[in-house]
Amino acid sequence: MRERVLRAWAESPARFREDANAEEDHALGGYRDRVVIELAQNAADAAVRAGVPGRLRLSLTESDDDSLNDGVPVVLTAANTGAPLDAAGVEGLSTLRASAKRDEAGAVGRFGVGFAAVVAVSDDPSIASAATGVQWSLSRARELVAGIAELAGELERRNGQVPLLRLPFATASPEDAAAIPEGFDTLVRLPLRDEAAAASVRAQLDQAGPALLLALPALEAVEIEIGGTIVRTLTAETAEPGAVVIDGVRWRTAEAHGPTPVELLADRPTEERARPGWQIRWALPEEGRLPEGLPAVVHAPTPSDERLGLPALLIASFPLAPDRRHVAPGPLTDFLVERAADSYVALLRELPVSPRLLDLVPGPVAAGELDAHIRRAVLASLPDTPLLPLAEDSDARVRGRDAVAVDGPPALIELLAEVLPGLLPVGWPVRHQALNALGVRRMELADVVDALAGLERPPAWWRRLYESLTGASTDALGALPVPLAGGDRVVRGPRGLLIAADGVEPSQLDALGLRFVHPEAVHTLLQRLGAVEAGPHEVLADPAVRAAVDGSYDADDPDEVAAAVLGLVAAARLDPGERPWLAELALPGADGELYAAGELLLPGSPLRDLMAEDAPFGVVADEVVDRWGTEPLVAAGVLDGFALVQAEDVNLSAVADGADSLDLDDEDQWADDVLARLPQQELPPLVPEFHAVRDLELVEDWGAALRLLAGSPWRGVIVQPAHLMLADGRRVAVPSYTAWWLGGHPLFDGRTPGEFRLGSDDDLLSGLYDAVPSDAPKDEELLLALGVRTSLAALLAEPGGAHELLERLADPSRTVSRTHLSRLWTALADTPALDDEDAMEPPERVRAIVDGEVEVADAADALVLDRPDALPLLAGQPLVIASGGRAARLAELLDLPLVSEEVAGAIESSGESRPVPGAVRAVLPDAPATYTAHEELIVDGRPVPWWYGADGRIHADGPPGLARGLAWAADRWPDRLLVEALLRDPEAQATLQAESDLAADPPG
């Protein structure tokens, strides 16, 4: 063969060049770093040919020949069992792409180029078996080529590189046969070229792992020997169909094979078309992940550069491109992708059912184009593949598209297994992305709640459901089904449902249309979701009870409604008026007719005697009183005394406008009066807590009524003011509605409370108001709340109080002493509330002093006295007199002229100027130093004792007049008598001043 090759090269140097390039391409390209794998592949094929278990020993040892391989004394040997090397085998190894195995069934090598991998690491490879041996030598091949003149130029251009494997040398010697280890049939010896080759071989030996035995199932053991010592042994043992144990690790496998459709081979090489069979093998370690360092690539059957992102090993007979590193695209590859996907799905079906299965489902991100194709094919099949277990039957398998995953606690999953078909068991991660790929329907808690609607289960089952949801977020549970007591009804959502507390028996309340949770289903979760644990108070607060009360007249059985409501009222121990709407409860009267509770009186009610005969009240039937007693009936609105109205956040503006009603007499007028007292607000004021006595307009006997109202609870409703909340946050107290209403009605002898007074007979109001009748209540606080007058100051502080005072002063039937009159006018002038010009209308008649007597006069005739020197000129003139310089203020309030404005004050007598005595100046330092003395002082044609002229001069005709003029000018009017005494006896100054000091008012 060697001579034939040399002759062919000599005849065609181009053939030499072609063979050299081809060998170099394989050694440095597709088969670089593949020497260990190719040696294993040849060993597997030898075992298949011989039909024996395949064994391979790879040894890395030092050589005895230091001259080998540039001084790197390292040799790789590969001893294998199986068919020995024969002539056809040598020819196949020395002929590129002309393998002797093309007709062998089960052979891995198919193309005759794999052995070219040895050229990448050795220049002197050799093979020895019992009867045959062959060697290749780069130096000897180079010498032979150099001896051919036709190749000299090409050899020089290639720097001595020749096609090593094309020139085999026979080496069948006893030494070669003896070198084969015992128990092996063939030995490949590779003296390594250099340190780089040695490092590459060492790395390949380190990487040799389970993938080698899985890709080459004909091999049962691979021994790796370093320096004469076996450092590692890879073994493969078939445990059972679909399972193999490699070095103690159990691998699950799935295999498929079959003939390749002829039409898929049309674009494949001839020798490949001669072996039209395909094989697929998947392998997966049972512990989960692929071993560390195992290349994640497709094996075809030896490793390619096609990355595989699936967590399993794939060995498949994919057609390879010429570089032997990548899968060739085309119909055959597409066909095998589908077969690989089917086998992978079959592998998943054979695995034990556990959540680990989800990690084997392909994710969305592929490692390469081939990986993407395989993923897509796998994912297309998975939703229809029964892979997943069922919560209700762990032995069953369900398709992904028929499965349901619920994110919830284990107890919930176990419970739902009874009612939710396709539910995955406890422990399966419902958020795993693989569930989406499998087509699993994920149900959130809200979806589960919707799915349970209409489900028929006993109440105890529902309680187990609620218990399983303890700790879950309540956001998704609002529509949770809840079974009701007293039937088979199940409603959506716990909010507003009632849970019967102690003292409440739902079966006794059927007439009220209440929704109680079935006792066997009660759980704290329902309260978290809005159900109310209901004692009698909470049950009464349910809108259904109020609706039943409102509709009790038209109920099929009003007595049954009344019994249910009164039973709750009795158990709740309600106060009268606490639930005002109970007054609408239909109850039987003594006359056999139905009445609203609020229109019924107890048989012994005091209201029966004090109300008008036509008052629209009945008397409650005796049998009702006998059954329930008076307290529940009064709490429900039956009247023992006056009924109370209670409300919250009453909008005064709405009451005033009639938009809101409290069912009280003249309530709109009360609201108007209150609003008139308040400053303007953007928002209407509210009464947060409103209380009132009703039916006052029906009273006929006010003496008896007042005695009743003076007791509890009505007195507090009268005397306590109503507190308003203004828009700016302030709280304002105003008279309560009840006090306001009573104050405006004739309670005492046909007259209103405001026409009477409290206090002694010498009080300033004593002549203007009558004393409270003797038969009136003795409760002063109550009388004050009703409007009975107490003092002048309190009267003037009220809105309209000043006007009322003027009216009473103008009433001739009233008596007022002169002393009281001056104080009344003075108090009126001092009232600050009258600063508003619209606060008081001027009176038509006034009570005045006429020649020293108190009379009621026309206001048009009256003057306000503002200067005492004019009094002698005012005979018969009605005078309004206030003390302390308040004349101008009073004249303005009453719209009356001042005396100084009406009296001309012309001095018609003459006099002389005289000094004011020193003693007087000492007492009145602010008085004028001189005055005009008259023999007889005449003003406006009449004699007067003194006059204070417009020029500031004092005119007088004797000590009395001079003393008054000086005191008036010095603004010391109270000292006028002291000054007069000094003028008469200047020597008595010390004594007179001491006496004056005794009469002086204390400071403040």
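Pro-713 is found in the loop between helix H26 (702-709) and helix H27 (714-719), and a cis peptide bond, with omega of about 5 degrees, joins Ser-712 and Pro-713. Helices (H or I, at least four residues) and strands (E, at least two) are DSSP runs, numbered from the N terminus. This is a predicted model, in which local features need pLDDT of at least 70 and side-chain atom pairs count only at pLDDT 80 or more, while totals for chains, interfaces and linings use all residues. Residues are numbered from 1 along each chain as its sequence is written, and side-chain values use heavy atoms, with hydrogens and water left out.

Two aspartates in loops have a positive phi although neither is a glycine, as the table sets out. Buried stands for under 20% relative accessible area, exposed for over 50%, and partly exposed for values in between (1.4 Å probe, protein chains only).

| Residue | Phi | Loop between | Relative accessible area |
|---|---|---|---|
| Asp-663 | about 60 degrees | helix H24 (652-657) and helix H25 (667-677) | 67%, exposed |
| Asp-749 | about 50 degrees | helix H28 (737-743) and strand E31 (756-757) | 59%, exposed |

The next topic is the aromatic rings. Rings of Phe, Tyr and Trp (its six-membered ring) pair if their centres lie within 6.5 Å, and planes under 30 degrees apart count as stacked, over 60 as edge-to-face and the rest as tilted. By this rule the count comes to 12 aromatic pairs. In one of them, the ring centres of Trp-278 and Phe-335 are 5.9 Å apart and the planes stand at 80 degrees, so the pair is edge-to-face. Because Trp-278 lies in strand E11 (residues 277-285) and Phe-335 in helix H11 (residues 331-350), the pair ties together parts that are 57 residues apart in sequence. Trp-278 counts as buried at 9% relative accessibility, and Phe-335 counts as buried at 18%. Elsewhere, Trp-670, Phe-690, Tyr-737 and Trp-740 form one aromatic cluster.

A charge sits over a ring if NZ of Lys or CZ of Arg is within 6 Å of the ring centre and within 35 degrees of the ring normal. Arg-339 lies in this way over the face of Phe-335, at 4.5 Å from the ring centre, and the charged end of Arg-867 sits over the ring of Trp-947, 4.5 Å from its centre.

Helix H11 itself has 20 residues that should span 28 Å at 1.5 Å a residue, and its end C-alpha atoms are 29 Å apart, which agrees; the expected span is 1.5 Å times one less than the number of residues. Among the buried residues of H11 are Leu-332, Phe-335, Leu-336 and Tyr-344.

In helix H8 (residues 195-207), Ala-197, Ala-198, Ser-200, Val-201, Gln-204 and Leu-205 are buried. Seen down the axis of H8, these residues fall within an arc of 160 degrees (taken from the directions from the helix axis to the C-beta atoms), so they line one face of the helix. The face turned away from that buried side carries the exposed residues Ala-196, Asp-206 and Gln-207. With contact meaning heavy atoms within 4.5 Å, the buried residues of H8 pack against helix H3 (35-50) and against strands including E1 (54-62) and E2 (74-80).

Strand E38 (residues 930-934) has 4 of its 5 residues buried, so it is largely enclosed by the rest of the structure. Two strands pair if DSSP finds at least two bridges between them. Strand E37 (residues 911-915) and E38 pair in the antiparallel sense over 5 bridges, with Tyr-931 in E38 as the bridge partner of Arg-914. E38 also pairs with strand E42 (residues 954-956), in the parallel sense over 2 bridges, where Ala-933 stands opposite Ala-956.
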